[in-house]
Amino acid sequence: MIRARPGGLLRRLLLFILLFSLCFTVLASSVQLYIEYRREMRDIDSRMELIRAGYLASLERSLWDLNQEQLNVQLRGLVDFSDVARVHLTSADFDLVQGNPAPAGPLRIERFALDYQPPSGPLRNLGELEVSTDLGAVYQRLYATGLTSLLWMAVFLCGLAVALSGLFYRLVTRHLKVMAEFARRIAAGEWQEPLHLDKRRGSDEIDTVAHALDDMRRAILRDIERRETDRLALQDNRDELLKMVERRTASLMRAKDEAEAANLAKSRFLATMSHELRTPLNGILGMAELLRGARLDAQDGKRLDALHKAGEGLLTILNEVLYFAKLEEGVSHPEPVDFSLRQLLDEVLTLLEPRALNNDTILSCRVDQRIAEHHHGAEQFLRQVLSNLLANAIKFTEGGEVSVEVALLSETGEQLGQRLRVCVTDDGIGIAPQMQEKIFERFTQASEEVAQRFGGTGLGLAICKHLVEQMGGCIGVDSEEGRGSCFWFELSLQPASGVAEAPPVRAAGPALNILVVEDVALNREVVKGLLQRDGHRVWLAEEADQALQHCAAQVFDLILLDVHLPGISGVELCRQIRHSDGANRHTRIFALTASVQPALVRGYLEAGMDGVLAKPLKLENLRQVLEGHVPVAESLLSDEAMDWPLLQTHRSLLGAQKVQGLLAVLRDSILQHRDALNEAMAADDCTEVAQLAHRLAGSCDSLGFRGLASTLRALETLALANDESAIRRMSLTLDEQLQHSLDTLKGLLQS
């Protein structure tokens with residue numbers, strides 16, 4: 001506690017009095033000196049007037065008579081005047097000086113003309129009299145007078161200041177010390193002793209303050225008694241409140257479990273839909289792909305094309321449903337690449353031209369000449385938006401025209417890119433005004449009649465809206481029922497960082513020995529046909545026992561396993577192969593599955609698989625695996641903090657650029673959560689710690705940062721148990737894991 005220095009107020013009061021006294025003394029002395037100065041000046045003026053009135057006439061007469069002796073006597077009389085230092089008379093006949101010939105001090109010089117009027121004749125000028133007054137003597141008298149006055153006044157005022165200070169100490173300061181000591185006792189908890197002042201006179205302001213302080217003491221005592229009473233009452237109700245909190249917590253936990261169960265059910269449903277629909281589609285599209293190479297007559301070729309288009313249509317609907325589910329979960333992010341907008345439009349129009357011809361619809365495209373040849377942006381998102389809008393326009397236009405127009409709205413310079421407006425216009429059935437505001441909502445179509453006639457999921461425009469907003473743009477529609485529609489969107493595209501080179505032509509690799517384990521005969525034939533087309537040797541197995549027999553008799557370069565096998569699953573079969581002593585222990589093994597959720601992929605990789613091939617199987621992805629473009633280094637597998645196979649599989653399935661974007665998002669999330677976690681842990685806020693750790697752990701798990709995810713889940717468990725001391729002990733471990741993960745992310749993002 002900081003205490004005031006004894007006598008501080010008294011010293012300040014004395015200082016203020018002395019300062020005021022000094023200022024007053026200086027001011028009073030200055031006024032007095034000014035008055036004395038004016039008086040001296042008036043005395044000098046009086047002497048000069050006396051000389052003018054009483055001496056000039058006699059001097060003029062003596063000068064007219066040329067009486068030098070009389071002139072000297074008269075001049076000496078003038079020198080005898082007070083403060084006159086020198087008298088100088090000049091004329092045609094005389095030059096007389098009396099007094100100090102060269103006075104040193106400042107002088108006041110008065111000059112008098114000497115004119116004489118003779119008895120006859122005009123007025124005659126005889127000469128001039130110069131009288132010099134010594135102002136130095138005047139100033140010395142003023143200085144002595146002012147100094148004396150200043151000293152006497154200073155002595156008087158200092159005595160007055162000391163007397164007032166003593167009186168102030170007697171009346172105020174000593175009582176303030178007593179009250180300060182009383183306040184310190186109150187602060188120390190000594191509330192029983194009242195305040196007493198040593199005073200003999202009646203009440204004044206000091207007594208008022210003293211009474212207020214003593215009233216405060218009594219109020220504190222009453223408040224302490226009241227608080228003690230309240231504490232006892234609160235203690236009686238605490239147990240009941242704790243029971244209520246426990247019941248509420250249990251209710252919230254049940255609600256949380258129910259919500260997580262509902263979310264898990266949704267994920268399982270999507271996984272089941274993916275597997276159950278993609279698996280037969282894999283066979284349908286694969287067989288259609290193989291039959292296209294066969295020699296068929298025109299009728300069978302037409303039927304085959306119809307079959308292939310029907311399969312692609314079904315796959316499109318399935319992809320829209322699953323893709324929109326991914327958008328709802330927030331796992332889709334734009335992938336900026338360099339691309340040509342004109343080439344993109346040409347590719348999309350070329351792809352949709354057969355569909356337009358079937359509807360007798362003409363496709364046209366106009367691009368503003370000022371638009372740059374190349375841009376940098378989310379090319380895949382833009383391709384999907386254009387494809388969806390054009391496909392819709394063609395779908396609802398029969399015997400008409402569909403046009404695409406790209407206009408330049410603004411050009412912000414070479415470094416900032418261009419703002420574009422893309423319009424897809426048709427002269428089809430149009431949209432009613434009341435439906436135009438709802439058309440971009442999910443599962444919404446223009447009308448029930450349109451849904452029954454044209455079909456579709458009602459998700460295409462909802463996906464377009466989401467993707468355009470992800471790219472920082474906006475989307476809308478202008479339409480008139482029966483006269484067509486114009487769907488437009490605006491967005492900004494950055495200048496290209498460099499024109500991408502054309503991908504190299506894939507060279508045929510060496511023939512490989514490949515074992516395909518698949519329980520569905522149609523899928524086995526599809527994979528066999530795709531592999532044999534590239535010259536590879538293929539062995540087929542329907543279930544695990546046959547696969548083990550093949551592995552015992554033959555060394556394979558690659559094993560493709562369906563994870564859903566009858567009996568022993570593909571995951572368990574992979575474990576048996578990896579733990580056996582056979583020649584295929586180190587053979588590359590890939591999963592064939594439509595279940596590509598991150599949590600399931602982690603299980604495949606932990607079983608020993610090198611990666612995943614998603615169904616429906618694409619020839620390009622299969623060829624990448626055959627060429628060894630998805631390697632997993634043994635040195636990476638030894639890092640317990642990272643699940644490198646999972647990250648590598650994400651690269652193979654999503655693309656390197658997509659994964660880089662996800663890693664950047666994870667880095668930003670870790671940086672944001674780190675400070676919040678530290679603050680919550682420092683404040684012992686277990687609820688906030690649990691929530692933050694839970695959210696961040698899920699993000700880390702999905703990208704293979706299992707060390708940090710494990711630490712966060714342990715932290716979440718401790719927070720849910722309200723173990724504050726254990727949480728504080730984990731602080732150092734958490735900081736190390738966070739920093740290690742940030743260093744790993746830095747290296748991955750720079751590579």
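**Group meeting: a walk through the model**

Hi everyone. Of the 751 residues in this protein, 38% count as buried. Please keep in mind that we are looking at a predicted model.

Let me begin with the whole chain. The secondary structure adds up to 23 helices and 16 strands. How do the contacts spread along the sequence? If we take contacts between residues at least 6 apart in sequence, 69% of them join residues at least 24 apart. As for the outside, the accessible surface is about 42400 Å², and carbon and sulfur atoms account for 55% of that area.

Now, let's zoom in on strand β7, residues 375-378. Which strands does β7 pair with? One of its partners is β5, residues 336-339: the two run antiparallel and are joined by 4 bridges. If you want to find that pairing on the screen, look for P336, whose bridge partner in β7 is A378. β7 also pairs with β11, residues 484-495, again in the antiparallel sense, this time over 2 bridges. Here the residues to click on are H376 and, opposite it in β11, Q494. While you have the strands up, a general reminder: in a regular strand, side chains alternate between the two faces of the sheet.

My last stop is residues 150-169. The UniProt record, an unreviewed entry, lists this stretch as "transmembrane region". And what does the model show there, helix or strand? Over residues 150-169 the chain is 100% helix and 0% strand. From one end to the other, the C-alpha atoms are 28 Å apart.

That's my tour, thanks for listening!

Notes: Residues are numbered from 1 along each chain as its sequence is written. This is a predicted model: local features need pLDDT of at least 70, side-chain atom pairs count only at pLDDT 80 or more; totals for chains, interfaces and linings use all residues. Side-chain values use heavy atoms; hydrogens and water are left out. Buried means under 20% relative accessible area, exposed over 50%, partly exposed in between (1.4 Å probe, protein chains only). Contact means heavy atoms within 4.5 Å. Accessible areas come from the Shrake-Rupley method with a 1.4 Å probe; for residues, only the protein chains shown count as cover. Two strands pair if DSSP finds at least two bridges between them. UniProt positions are given in the numbering used here, feature names are shortened, and annotations may be inferred rather than shown by experiment.
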